[in-house]
Structures are given as structure tokens and as C-alpha cells.
Amino acid sequence: MILNAAFDPVLLSRLEDAGLNASAPPQQRWLDGWLVRLSAGKAKRARCINAVAVGRIPVADKLALCSALFAQAGLPMYIRVTPFSQPTGLDAQLAGLGMPRIDDTRVMVRASLDGIVTTESLADHRIERVGHESFSHIVGHLRGSPLAQRQAHSQRLTLSPVPFQGFVVKNDAGLAVACGQIAVEAELVGVYDVFTAPDSRSRGLARTLCEHMLSAARSQGGKVGYLQVEGDNTAARRVYQRLGFSDAYTYHYRQQAEAKA
């Protein structure tokens with residue numbers, strides 16, 4: 001869990017809040033300073049514990065209460081651990097309880113969206129806006145997600161406290177081959193769910209789509225871009241670096257021993 005000293009820590013704290021707001025599912029509740037999320041969707045950030053505040057209950061007791069909630073929902077329990085997690089030393093406590101660490105993730109930031117332009121032609125492809133339900137099924141189809149996860153994603157987007165805007169790239173046959181979303185909160189622009197079909201990769205589609213989305217966000221008052229990407233996804237990280245994003249901080253998850261990643 002590393003904070004990049006090149007970025008204003010207050011900005012990074014705001015971006016963490018923005019990411020929490022954008023990923024909020026309707027199935028969430030507070031438990032003694034922890035935000036417990038119980039969505040049936042694919043994204044772990046919408047079905048995990050975010051340890052936002054210290055609270056008063058000992059960590060072990062709080063974990064037991066959370067475990068019962070996840071069991072009732074039929075979900076494995078994950079705890080998202082960030083540089084902002086509370087109480088201090090939580091990650092070491094979870095490791096001491098035998099909870100494995102998984103999914104090392106980078107939050108990447110572009111501190112200014114000035115200069116964002118679409119630099120590449122899509123040739124025989126076009127970019128279209130789509131609604132929440134259509135987007136959730138398109139990205140779910142591209143990822144191979146089951147229907148229940150697609151429906152949960154659609155519900156989360158529809159009820160999100162931060163409005164999402166979905167975009168798809170279609171080929172000349174009208175098939176969606178790439179997609180992505182933005183969520184704009186004040187001047188902060190989150191980039192989410194960027195995915196390209198395997199047989200359409202290495203054509204610049206993701207980069208051009210992201211440029212298009214960030215340009216659209218800038219026209220709506222967006223000034224700072226952020227996104228979350230797994231640390232070992234080198235292809236995606238390379239695209240984002242070329243777009244001017246840099247690693248700002250890291251996070252990972254801890255899981256119960258019986259949970260499956």
C-alpha cells in the first residue's frame with residue numbers, strides 16, 4: 001500500500017472517496033465504521049469490506065459480524081486494504097489471522113485533462129453512447145460474465161449516486177468489440193470497465209476510446225482522471241501510461257481462507 005509522493009495526498013484521498021461513490025451498490029451497509037458491500041456483481045469493489053473508519057468494536061469481532069453478513073448473502077468475504085484503511089495496521093492484523101493477500105491493484109491518475117485529444121482514426125469502427133442496461137450486457141458478454149452478474153451490474157449503474165456514461169466501439173458489422181465508462185463527480189473523472197474483445201486487440205481501440213471518453217468528460221468540467229487496474233495487467237497499464245496516467249497508490253484484498261478469487 002504505497003502513496004506516490006508526487007501527488008497531493010488530499011487529492012488522492014478525494015479520489016479514493018470518488019471511487020467508493022462510483023462503485024456503490026444498493027446492497028451496502030455501515031458496520032462500526034466499515035462499509036460492507038454485498039452486490040452479486042463481478043466487481044470485487046462492490047462486494048467487499050471497505051474499512052473507512054476505526055470504529056469501537058475489536059477487529060476480530062467486527063470480522064465475525066461481517067462474515068455472517070457475507071454468508072447470508074451467499075458471497076465470499078473480501079476486505080479491500082488501501083493506504084487509507086482503518087485502523088492503522090489492519091493489513092498486518094488480517095495477515096496474522098491467516099487471510100491471504102490477492103489482486104494487487106494500482107490506482108492511476110492523470111492530474112490534468114488539458115491536452116486530451118483523439119489522435120487515432122478508428123477506420124472501420126465507430127464509438128456510440130449506450131444506456132446502463134445495454135452497457136452491462138455488452139461488457140458482460142465480452143467478459144463472459146453470467147447473467148446474474150450482468151443484472152447486478154446494470155442495477156448498480158442505474159442506482160449509482162454518481163452518474164455513469166457508457167460507450168462502445170462497434171465494427172463495420174455493427175458488433176460491439178470494445179467498451180468503457182466514465183463516472184464524473186465534480187472535477188474528478190473515473191474511467192471504468194474498459195475492455196476489448198481478444199480478437200480486436202492491438203489496434204488502438206482502447207486508447208482511442210479512452211481519449212474519446214476523457215475528452216467528453218473534460219467538456220463537462222472534468223479536470224482530473226483516475227482509474228483502477230490490476231498490477232499484473234501490463235498491456236492495460238501500458239495503454240494508460242501512454243495516455244498520461246501514472247501510479248498514484250496501490251491497494252489489494254484480503255480474503256477468508258475458503259473464499260475463491
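This is a short talk about the aromatic pairs, the largest pocket and the largest cavity in one structure.

Hi everyone, thanks for coming. Before we start, please keep in mind that this is a predicted model.

Let's begin with the aromatic rings. How many aromatic pairs turn up in a search of the whole structure? The search finds six. One of them joins Tyr-78 and Tyr-253, in an edge-to-face arrangement with 6.5 Å from centre to centre and 80° between the planes. What I like here is the distance along the chain. Tyr-78 belongs to strand β4, residues 78–81, while Tyr-253 belongs to strand β11, residues 246–255, so this pair ties together parts that are 175 residues apart in sequence. Are these two tyrosines buried or exposed? Both Tyr-78 and Tyr-253 are buried.

Next, have a look at Tyr-240 and Phe-245. Their ring centres are 6.4 Å apart and their planes meet at 65°; with planes over 60 degrees apart counting as edge-to-face, this pair is edge-to-face too. Tyr-240 and Phe-245 are both buried.

Back to Tyr-78 and Tyr-253 for a moment. Together with Tyr-251, they form one aromatic cluster. Tyr-251 also has a charged partner: Arg-80 lies over the face of its ring, 4.0 Å from the ring centre. Elsewhere, Arg-201 places its charged end over the ring of Phe-195, at 5.2 Å from the centre of that ring.

Phe-195 brings us to the largest pocket. The volume of this pocket is about 1400 Å³, and 49 residues line it. Which residues lie nearest its centre? They are Arg-143, Val-194, Phe-195, Asn-233 and Ala-236. Several elements give two or more residues to the lining, among them α4 (132–143), β9 (188–196), α7 (234–242) and β11. If you are wondering about the chemistry of the pocket wall, the lining has 19 nonpolar, 14 polar and 16 charged residues.

Last stop: the cavity. Searching the whole structure for cavities of 30 Å³ or more gives one. The largest cavity has a volume of about 40 Å³. Its lining includes Glu-16, Arg-37, Arg-45, Asn-50 and Gln-228, and you will also recognise Arg-80 there, the residue that lies over the face of Tyr-251. Which helix gives the most to this lining? That is α1, residues 9–22, with three residues. By type, the cavity lining divides into four charged, four polar and one nonpolar.

That's my tour, and I'm happy to chat about any of it over coffee.

Terms used:
Residues numbered from 1 in each chain as written. Predicted model: local features only at pLDDT ≥ 70, side-chain atom pairs only at ≥ 80, totals over all residues. Heavy atoms only, no water. Phe/Tyr/Trp six-rings, centres within 6.5 Å; stacked < 30°, edge-to-face > 60°. Helix = DSSP H or I, 4+ residues; strand = E, 2+ residues; numbered from the N terminus. Buried < 20%, exposed > 50% of the residue type's maximum accessible area, 1.4 Å probe, protein only. Lys NZ or Arg CZ within 6 Å of the ring centre and 35° of its normal. 1 Å grid on protein atoms, 1.4 Å probe; cavity = no way out; pocket = protein on both sides within 12 Å on 5 of 7 lines; lining within 4 Å. Points joined across faces, edges and corners; volume = space filled by probe spheres on them. Nonpolar A, V, L, I, M, F, W, Y, C, P; charged D, E, K, R; others polar.
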